[in-house]
Amino acid sequence: MRKTWFIDLDGTLLKHKTDIELDNVIKKDPRNSYKSEELLEGVKDFFKIIKDDCIVITTARDECHRSHTISALHYLEIKYDKIIFGIGSAERIVLNDIKPIGDIENTIELNTAFSYNLKRDGGLNQLNNDLHAGNVFK
């Protein structure tokens, strides 16, 4: 079954930048500003693991940084299905129903919402290790 991943951008996939830092980078070199973005450790490997899943990138980045950000993701070869800008940087809460699987006599329940908190700019190696070991999302 294809999973949907909601993945934060700054501090999770890319080294964290504030909107002011982005403004300064773009102002300094508008044509090549996207090349200043830094992919965090383990991100490429993570995307190999989830390559067949649906990827929704979420970010508090302002909408005015869309072109820069999309260029950076393309340049860094990060594929995604959707990207949502300007959602704020406070807690993000996912609500989803529990999906019944099976027939009437043998129904099991599939939890459909999970979370995994990471240290800012820490990369995804720990998550990759946990996914390979089957230690998450049970």
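In helix H3, which spans residues 66-75, four residues are buried: His68, Thr69, Ala72 and Leu73. These four residues lie on the same side of H3, because they cover an arc of only 130 degrees around its axis. The face turned away from that buried side carries Ser67 and His74, both of which are exposed. The model under discussion is a predicted one.

The surroundings of H3 may be considered next. Its buried residues pack against helix H1 (19-28), strand S2 and strand S3 (82-84). After the helix comes Glu77, a residue with a positive phi, near 60 degrees.

From H3 the description passes to the nonpolar interior. In soluble globular proteins, nonpolar side chains tend to be buried together. Here, the largest nonpolar core comprises 20 residues, and those with the most contacts inside it are Ile7, Leu13, Phe46, Phe47 and Ile57. Three elements each give two or more residues to this core, namely strand S1 (4-8), helix H2 (43-49) and strand S2 (54-58). Of the elements, H2 gives the most, contributing three residues.

Ile57 offers a way to follow the contacts of one core residue. When residues up to four places away in sequence are not counted, Ile57 touches Ile7, Leu9, Leu13, Leu73, Ile78, Tyr80, Lys82, Ile83 and Ile84. Among these partners are Ile7 and Leu13, which are themselves listed with the residues that have the most contacts inside the core. Another partner of Ile57 is Leu73, one of the buried residues of H3.

Attention now turns to the loop between S1 and H1, where Asp10 is placed and where Lys17 is also found. Are these two charged residues buried or exposed? Asp10 counts as buried because its relative accessibility is 9%, a value under the 20% limit for that class. Lys17 likewise counts as buried, since its relative accessibility is 14%.

The two residues are also linked to each other. The side chain of Asp10 reaches the backbone nitrogen of Lys17 at 3.3 Å. With residues up to four places away in sequence not counted, Asp10 touches Lys15, His16, Lys17, Thr59 and Arg61. On the same basis, Lys17 is in contact with Asp10, Leu22, Val25, Ser36, Glu37 and Arg61. Arg61 therefore appears among the contacts of Asp10 and among those of Lys17, where contact means heavy atoms within 4.5 Å.

Note on methods
Residues numbered from 1 in each chain as written. Predicted model: local features only at pLDDT ≥ 70, side-chain atom pairs only at ≥ 80, totals over all residues. Heavy atoms only, no water. Core = buried A, V, L, I, M, F, W, Y, C linked by side-chain atoms within 4.5 Å. Buried < 20%, exposed > 50% of the residue type's maximum accessible area, 1.4 Å probe, protein only. Arc of directions from axis to C-beta. Polar contact = N/O pair within 3.5 Å; in protein donor to acceptor, adjacent residues only side chain to side chain.
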